[in-house]
Amino acid sequence: MIKYFRNIRRKLLKGSGISSYMIYAIGEILLVVVGILIALWINNLNQQKKNLRLEQVYIEEFLLDLQEDVHNLEGRIKSNKKRIAQVDTISYILGTNKSLTKTERLQFAQRHILLLSESYFIPEKTTIRQLESSSHGALMRNKELRNKLFRYYNANDRNEQNNEVSIQLYMHNFNAPNLLNVYMLNDVLEAYTSLDIDIQTVDLGTLVKNDGYIQALFLRRENAETQNRGYERMKKLAEELIEMIEEG
């Protein structure tokens, strides 16, 4: 093709028609411009296809992250409901103010074990961190979906800072030490390890009069309820996002 145009140019140069040569030169320039525009169009088309594939990868990864979050939140909500039920049962037993047999004493101690475990939720952030640290934010063409995703992760950050961290501090500095007071420590240890430890029967009357223990008991219940309210909000946001992604 190039050789063909060169031959045309040589013939025009040998001839006397300068206007014909000018027309040829302009045509050649236009041909180059058209070639460049076509190349840019093809490159842009390929980039658009690449962006669409990358956007779909991000959306699929977000879907997996959100589904994992919902699963984890459901587990934490369920565990906290068990903690609340245990506090209510312990409160009922304390209200009876009766002497406990060895079996009843160990069962009573076992109810405290779940109260000593902690609940802490952090969403799966791998995909959102990748999106934030790259220049791919503009790939999310669905503005509503993009905004809801960022609101979801911001809401989780606020929940962690305002609820989760403070509840952990309560657990470490107040709840656990008071629930594992001198009256309960050996019983809980025996119940947890299944070792036969030579201890005396827990006196419910003494426990009822222990203000630190009673306050820790009901604070554990309140903390579980507070966490569940936050978890329910996060779960609702995640489920809305999942529904939006699945509907396309």
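Is valine 33 buried, partly exposed or exposed, and what is its relative accessibility? I shall answer that shortly, after a few words on the whole chain. Please keep in mind that this is a predicted model.

The chain contains 8 helices and 0 strands. Read from the N terminus, the order of elements is therefore α-α-α-α-α-α-α-α. Of its 248 residues, 33% are buried. Contacts tell us how distant parts of the sequence meet. Among those between residues at least 6 apart in sequence, 83% join residues at least 24 apart. The surface that the chain exposes comes to about 15500 Å², and carbon and sulfur atoms supply 55% of that area.

Let us return to valine 33, a residue of helix α2, which covers residues 18-96. Its relative accessibility is 38%, and because buried means under 20% and exposed over 50%, valine 33 counts as partly exposed. Val33 also belongs to a nonpolar patch on the surface, together with Ile29, Val32, Ile36, Leu37 and Leu40. The accessible area of these residues together is about 560 Å².

My last topic is helix α3, residues 102-116. This helix has 15 residues, and the distance from its first C-alpha to its last is 21 Å, close to the 21 Å expected at 1.5 Å a residue. Which residues of α3 are buried? They are Arg105, Leu106, Phe108, Ala109, His112 and Leu115. These residues lie on the same side of α3, because they cover an arc of only 160° around the axis. In general, an α-helix has 3.6 residues a turn, so residues three or four places apart point the same way.

Notes:
Residues are numbered from 1 along each chain as its sequence is written. This is a predicted model: local features need pLDDT of at least 70, side-chain atom pairs count only at pLDDT 80 or more; totals for chains, interfaces and linings use all residues. Side-chain values use heavy atoms; hydrogens and water are left out. Helices (H or I, at least four residues) and strands (E, at least two) are DSSP runs, numbered from the N terminus. The expected span of a helix is 1.5 Å times one less than its number of residues. Buried means under 20% relative accessible area, exposed over 50%, partly exposed in between (1.4 Å probe, protein chains only). The arc is that of the directions from the helix axis to the C-beta atoms. Contact means heavy atoms within 4.5 Å. Accessible areas come from the Shrake-Rupley method with a 1.4 Å probe; for residues, only the protein chains shown count as cover. Patches are made of residues with over 30% relative accessible area and no salt bridge: like charges are joined within 9 Å, nonpolar side chains (Val, Leu, Ile, Met, Phe, Trp, Tyr) within 5 Å. A salt bridge is a side-chain nitrogen of Lys or Arg within 4 Å of a carboxyl oxygen of Asp or Glu.
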